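Colleague: I am new to this structure and would like to go through it slowly, one question at a time. Could you show it to me before we start?

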Amino acid sequence: MVTANPFLVNMGPQHPSTHGVLRLRLVLDGEKVLNVEPVLGYLHSSKEKLQEEHTYLQTVPITDRMDYLAAMSNNLGVALAIEKLAGIEAPERAQYLRVIMAELQRVASHCFAQAVFLQDLGAWGGPLMYFLREREQVLDIFEMVCGARLTYNYIRPGGVSQDVPPEFLPAVHGFLATFPKKLDEYEGLLTKNEILRARTVGVGVISRELALSAGFSGPMLRGSGVDWDLRKQDPYCVYDRFAFDVPLGHVGDCYDRFMVRFYEIRESLRILHQALEQLPPGEWKTPVPIVIRPPAGEAFQLIESPRGMLGYYLVSDGGAAPWRFHVRAPSFLNLGALNEMLVGSTVADVVAIVGSIDIVMGEVDR
Amino acid sequence: MINQFIIDTFAGVLPEWLIALMTGVTGAVGVLLFALSCALAAIWIERKLIGRMQIRYGPNRVGPKGLLQPIADAIKVIGKEAITPFGVDKVVYAAAPLVIFIPALLTFAVVPFAPGAALLNVDIGVLFVVAVGALGVMPIFMAGWASNNKYSLMGAMRAIAQTVSYEIPLVLSLVGLVLMAGSFKMEDLVLYQIENGWFLLLQPLAALIFFIAASAELNRTPTDIMEGESELAAGYHTEYSGFKFSLFYATEYTHVFAVSALISTLFLGGWGTGPVLDQVPAIIWFIAKTYLLFCVFVWTRATLPRLRIDQLMAFAWKFLLPLSLVNIMLVAVLVELNLPGIVVFAVNAVLAVVLIKGWAGLLSARGATVEQRVYIRPAAAQ
């Protein structure tokens with residue numbers, strides 16, 4: 001076995017496939033990774049501290065900027081936490097609209113995750129853009145609903161900011177009619193591809209135990225075969241009224257995570273079908289004061305965001321702004337076992353594994 | 001044509017060495033211009049085709065259908081500042097982009113564009129092509145080594161390992177052709193194909209191996225590990241900018257084009273038309289085949305993910321090399337038996353399928369387990 005002198009390579013913060021500004025200090029022996037040290041904080045913008053200077057309603061748009069690929073889920077999480085803190089009950093129509101938006105967001109986010117994962121593997125040509133095209137359709141729907149394509153500020157304490165327009169339902173139904181066929185097509189193109197399998201099967205394996213002890217959540221955890229989905233385990237909104245399955249991986253490699261995302265998109269579509277069918281008429285918002293002053297106390301709300309368990313911990317001292325605002329960011333915790341996953345693999349695998357974690361640096365650094 | 005004109009006009013008037021010099025210069029300039037214009041066209045075609053495959057329009061602003069886009073890009077990139085980073089080996093750093101252009105161009109020297117229209121109709125055309133192709137890795141290593149950048153160096157190391165590995169199946173796949181045609185001369189190979197059918201049909205296995213091995217030397221996905229954008233930023237040319245970068249960029253396309261021309265000469269009958277459509281000039285046929293092959297390269301690039309370096313090596317040594325050795329023996333036996341073309345085709349095609357399937361099945365025990373993974377468990381298990 002020939003060994004060279006180990007040398008240090010700084011992968012990131014400026015690098016095509018570190019998903020923003022993640023910096024990995026890799027110690028390499030040729031292609032082999034001997035050690036890895038992640039360096040975080042390049043996108044730190046003090047978002048949690050910033051929240052303590054804003055009223056509860058004003059906290060919502062700041063959460064948009066954290067996980068900017070799943071802003072609806074962030075809105076939902078913070079809105080539920082504030083409602084818990086202030087004892088507000090959102091009307092039923094709002095609950096359904098929230099579920100619909102969150103699931104559309106999951107579809108969009110997973111499409112993007114698949115797209116960039118493929119790009120990390122080198123399939124930057126066709127497959128990447130196919131997934132982005134489908135994501136665009138969801139973004140078009142969001143634009144129709146609230147006027148924004150990335151940072152929505154739509155789900156608010158007490159309900160949603162406005163009712164959906166009349167053309168919303170046909171648009172979602174149209175999307176649901178065309179999307180599954182395309183999804184099948186992409187799956188056929190990709191999952192039976194020998195190169196993709198060679199690059200993903202058995203790469204970046206996370207055992208069940210490691211996934212649990214590292215605090216993983218979302219597709220990272222389910223890819224390792226742990227049946228944990230808050231929509232099932234601790235239903236919020238009206239998730240207990242829908243029938244859907246939780247896809248689970250087998251060995252916890254990149255292929256499993258890739259496939260779990262594929263199947264989660266399908267399950268989201270199932271939920272969307274049911275939610276659209278059951279969508280009740282009525283009010284979309286409970287009247288809440290512009291300045292909410294919840295009683296002193298604390299509230300913690302966890303939701304299942306596309307990346308995992310997203311938690312909001314709010315402490316109120318009875319004032320107009322939260323006294324403490326903390327976010328349990330799934331992207332950050334999912335980076336927890338980088339050493340176990342990366343050491344011993346090659347440079348090319350580093351890119352594939354980091355891509356399969358599906359991090360959003362806005363959420364990691366906050 | 002021009003050379004014939006020169007010879008006709010000046011024969012007897014000027015000394016013979018001068019005529020030889022003039023014909024040489026015009027031929028070289030002609031091939032150079034052809035290669036460069038092909039590179040420009042190739043850039044446009046690839047951007048347009050990949051654009052279409054990516055559900056985009058591709059370049060469509062500069063000139064009709066964006067045809068002038070490569071020229072605009074060239075002007076832009078030449079106008080950019082050429083940065084020489086700190087700590088580079090200045091001479092090698094500057095020389096690498098100039099040197100890299102040579103092997104790609106030299107390939108065109110022996111490719112016969114039409115009957116008798118090769119710049120150098122050497123007797124050892126096939127050997128020449130192989131030798132020149134192997135040169136291509138040298139400037140890549142120069143660039144990677146001189147750049148004083150770890151990514152560049154890693155790209156260069158990968159390039160050497162990859163090129164050396166794929167050189168072997170590449171050469172071995174050509175041995176079968178030489179055995180059959182009984183000549184190293186490119187023109188003889190083409191003439192043999194016109195008489196007996198394309199080598200693509202006569203030796204499908206060799207054609208496949210050559211296609212894969214040649215594309216591995218082209219530095220394009222699925223085998224662009226020496227550039228590996230998502231891993232190594234840009235590999236060996238990370239530190240290059242301005243005109244030097246544009247030389248690397250143009251070379252990449254010239255190289256793809258050279259390989260396309262080579263494959264169409266060696267396996268698709270060169271300028272040969274087959275029995276029909278003899279009215280179309282031979283050179284048009286040759287160029288059409290070359291561009292078609294180029295489109296195939298674009299297609300694979302737009303669809304496939306990239307292999308890892310160890311997988312790429314394993315593929316060369318464990319898969320392509322044994323198959324190309326078997327192919328040589330197979331062709332030798334078939335040549336000895338002197339069978340008609342249709343029988344050769346049938347035998348080779350069947351054996352190619354059997355060999356590829358069998359050898360692949362022997363090597364990979366992984367495929368089955370992946371198929372067994374079920375992601376939606378039955379409700380009771382939840």
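Colleague: Which residue in strand 2 of chain A is the bridge partner of N10(A)?

Modeller: This is a predicted model, and in it strand 1 (residues 7-11) of chain A runs antiparallel to strand 2 of chain A, the two being joined by five bridges. One bridge pairs F7(A) with L28(A). For N10(A), the partner in strand 2 of chain A is R25(A).

Colleague: On the other pairing of strand 2, which residue in strand 3 of chain A is the bridge partner of V27(A)?

Modeller: Strand 2 of chain A pairs with strand 3 (residues 32-39) of chain A in the antiparallel sense, over seven bridges. The two strands form a hairpin with two residues between them, and G30(A) in the turn has a positive phi of about 65°. Within this pairing, V27(A) has as its bridge partner N35(A).

Colleague: Which strands stand at the edges of the sheet?

Modeller: The open sheet has three strands in the order 1-2-3 (chain A), with antiparallel pairing. A strand at the edge has a single partner strand, so one side of it is left without a neighbour in the sheet. Those placed in this way are strand 1 and strand 3 of chain A.

Colleague: Which residues of strand 2 of chain A point to one face and are buried?

Modeller: Along strand 2 (residues 23-29) of chain A the side chains alternate between two faces. R23(A), R25(A), V27(A) and D29(A) point to one of them and are not buried. The buried residues, which point to the other face, are L24(A), L26(A) and L28(A).

Colleague: At about what angle to strand 2 of chain A does helix 14 of chain A run?

Modeller: Helix 14 (residues 347-357) of chain A lies across strand 1, strand 2 and strand 3 of chain A. Leaving aside residues up to four places away in sequence, V350(A) touches L24(A) and L26(A), and also M11(A), V33(A), L342(A) and S345(A). The angle of helix 14 of chain A to strand 2 of chain A is about 150°.

Colleague: Which element gives the most residues to the largest nonpolar core?

Modeller: The largest nonpolar core has 206 residues, of which V350(A), F210(B) and F257(B) touch the most other members. The element that gives the most to this core, with 18 residues, is helix 4 (residues 92-121) of chain A.

Colleague: Turning to chain B, at roughly what angle do the axes of helix 3 and helix 13 cross?

Modeller: Chain B has 17 helices and zero strands, and two packed helices are described by the angle between their axes and the distance between the axes. The contact is made by A74(B), V77(B) and I78(B) of helix 3 and by G242(B), F243(B), F245(B) and S246(B) of helix 13, and by class it has five nonpolar, two polar and no charged residues. The axes of helix 3 (residues 69-78) and helix 13 (residues 242-266) of chain B come within 7 Å and cross at roughly 145°.

Colleague: How many residues does the contact between the chains take from chain A?

Modeller: On the side of chain B there are 29 residues, which divide into 13 nonpolar, six polar and 10 charged. From chain A the number of residues is 39.

Technical notes:
Residues numbered from 1 in each chain as written. Chains lettered and ligands numbered in written order. Predicted model: local features only at pLDDT ≥ 70, side-chain atom pairs only at ≥ 80, totals over all residues. Core = buried A, V, L, I, M, F, W, Y, C linked by C-beta atoms within 7 Å. Buried ≥ 20, exposed ≤ 12 C-beta atoms within 10 Å, placed from the backbone. Helix = DSSP H or I, 4+ residues; strand = E, 2+ residues; numbered from the N terminus. Contact = placed C-beta atoms within 7 Å. Nonpolar A, V, L, I, M, F, W, Y, C, P; charged D, E, K, R; others polar. Pairing = 2+ DSSP bridges. Axes fitted to C-alpha atoms, helices over the stretch in contact; angles between N-to-C directions.
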